[in-house]
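Me: I would like to go through the terms used for this model and check each one against its definition. Please give the cut-offs as we go.

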Protein chains: 2
Amino acid sequence: MKRDTRLSGVLHALLHMAEHDRAPMTSDMLAHCMSTNPAVVRRTMAGLREAGIVTSVKGHGGGWSLARDLSQVTLRDVYAALGMTTVFCIGHRNGKPECLLEQVANEAMDDALARAESMLVGRLNEITVASLSVTFHQRAALLTKERSSHAV
Amino acid sequence: MKRDTRLSGVLHALLHMAEHDRAPMTSDMLAHCMSTNPAVVRRTMAGLREAGIVTSVKGHGGGWSLARDLSQVTLRDVYAALGMTTVFCIGHRNGKPECLLEQVANEAMDDALARAESMLVGRLNEITVASLSVTFHQRAALLTKERSSHAV
DNA sequence: GTTTCATGTAACAAACAATGATACGAGAAA
DNA sequence: TTTCTCGTATCATTGTTTGTTACATGAAAC
C-alpha cells in the first residue's frame, strides 16, 4: 500500500521553518530538507498557504514563511490543510452494494473506521506544532549534554 | 488512494457462507457474490483458512466451508487473518530519519496513529461475524414486513 | 529596463501496490 | 478416465502518489 507521506513531510518542513528565525525558506531549501524537489514542496505546501498556516512570496528574497504562531497550529490543522480524503487503507469493495449482506458488513466496518478516525483527529488536535518544536529542543539539549559528558 | 478491500470482501463472503447452510461454496460462487474472479477469492481466503476460520476442500463437491461458529469469530480475527500490515494511508516520508526534527514529527504521528489503530482493533474485537448475520436477518425481516404492508 | 530569483501550475513520467486475468498442477469424487 | 475444484505462479491492468520538467508570473537587484 502506497502511503501518503505529505503530513510527515510538511510537519518536518514547518519545524525547519521554525528554526529558521523568520527568514523565508525557499522551496529549494525545503526540498533538500525533505529530500525531494521544489515542485513537490510547492504543490504540497499550497494547502497550508490556503489554510493560512504559511505564506509564500515570489521573487528575489522570497520563499515560505510561517503565517501564525505554531502554538496556534495543531497537527489537525495541518492534516486538514492537506485536504486528505481518506485516512485508512481499508475500504469497501463496492460503495453502493445491492446485497443486504454486503451492506451490513460495510456498515459495521464504516462504524469502526469512523470511530478510529475521530480518535485520530481528536488526538492530532491535542498536539501543537510548537510542542514538537519544544520536544526537539529538549532532545537536542540532552544530546549536547551527553556529548560533553563523554568528552570529559 | 487505492484501498485494500479484502476485509470488506471476505466479510461479505463469510455472511454468504453462513446463509448457505453448511454446504461448501465454490470459489466461483463466492466470486460472483463479490463480483470478482475465483483466483482472487482463493488468494484472499487463503489467510482465513490458515487462521482456521474456514476450510477448503478440493475436487468434486469441494469448496469453502465455515470451520468455526461465527459467534466465535470477531472482525478482528478476520482482519488479523488477512495479514494486513498497515491500516493507514498515512505514512512517513523517511523511515529512519537522521534529522532530529523529522524524528520528532514522525514520533508524534506514530503515537497518534498507534492510538487510533488500537481503538480500531479494539472495536473490531467487539463485533462478531455472527452479530452481523443477526443484523442482516432483522433487516431482511423488516423489509419483508414493509413490502407486505404496502401490498395491503 | 534587464537580469535574476522565486513561486504557481500544468503536463507528463516513474514507481508502486492492489486487483484482475490466465494458466496449469494436484487432489478428489463421479 | 473424466470432471470438478482448489493452490499457486505469472503477468496484465488499474489507480494513486511521487518525481520531473517546463514555462508563465511576479518581485527585487543591478
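Me: Which element gives the largest share of the surface near DNA strand D?

Reply: α3(B), with 4 residues. Near means that a heavy atom of the residue lies within 4 Å of the strand. Helices (H or I, at least four residues) and strands (E, at least two) are DSSP runs, numbered from the N terminus. This is a predicted model, in which local features need pLDDT of at least 70 and side-chain atom pairs count only at pLDDT 80 or more, while totals for chains, interfaces and linings use all residues. Residues are numbered from 1 along each chain as its sequence is written, chains are lettered from A and ligands numbered from 1 in the order in which they are written, and side-chain values use heavy atoms, with hydrogens and water left out.

Me: Which residues come nearest to DNA strand D?

Reply: Of the 31 residues around the strand, A:Thr5, A:Gly59, B:Ser27, B:Arg49 and B:Ser56 come nearest. On the DNA side, 65% of the atoms within 4 Å of the protein belong to sugar or phosphate, and the rest to bases.

Me: What are the classes of the residues on that surface near DNA strand D?

Reply: There are 7 nonpolar, 12 polar and 12 charged residues. Ala, Val, Leu, Ile, Met, Phe, Trp, Tyr, Cys and Pro count as nonpolar, Asp, Glu, Lys and Arg as charged, and the others, Gly among them, as polar.

Me: What makes the approach of A:Gly59 to DNA strand D a polar contact?

Reply: A polar contact is a pair of N or O atoms within 3.5 Å; within protein, one must be able to donate a hydrogen and the other to accept it, and residues adjacent in sequence count only if both atoms are side-chain atoms. A backbone N or O atom of A:Gly59 is 3.0 Å from a base nitrogen of the strand, so the pair falls within the limit. For B:Ser27, a polar backbone atom is 2.6 Å from a phosphate oxygen of DNA strand D.

Me: Why is B:Lys58 called exposed?

Reply: Exposed means over 50% relative accessible area, buried under 20%, and partly exposed in between (1.4 Å probe, protein chains only). B:Lys58 has 81% relative accessibility, so it counts as exposed. This residue sits in the loop between β1 and β2 of chain B.

Me: Why is A:Ser65 called buried?

Reply: Its relative accessible area is 17%, so the residue is buried. A:Ser65 belongs to strand β2 of chain A. Contact means heavy atoms within 4.5 Å, and beyond four places in sequence A:Ser65 is in contact with A:Met17, A:Arg22, A:Pro24, A:Val54 and A:Thr55.

Me: How do you know that A:Asn106 is buried?

Reply: The relative accessible area of A:Asn106 is 4%, and therefore the residue is buried. A:Asn106 lies in helix α5 (residues 100–126) of chain A. Not counting residues up to four places away in sequence, A:Asn106 touches A:His92, A:Asn94, A:Pro97 and B:Ser8.

Me: Why is α1(A) described as largely enclosed?

Reply: Because 11 of its 14 residues are buried, α1(A) is largely enclosed by the rest of the structure. Among the buried ones are A:Leu7, A:Val10 and A:Leu14.

Me: What makes the span of α3(A) close to the expected one?

Reply: The expected span of a helix is 1.5 Å times one less than its number of residues. α3(A) has 13 residues and reaches 18 Å from first C-alpha to last, close to the 18 Å expected.

Me: Where does α3(A) bend?

Reply: At A:Thr44, by about 30 degrees. The bend is the angle between axes fitted to the seven residues ending there and the seven starting there. A:Thr44 is also one of the buried residues of α3(A).
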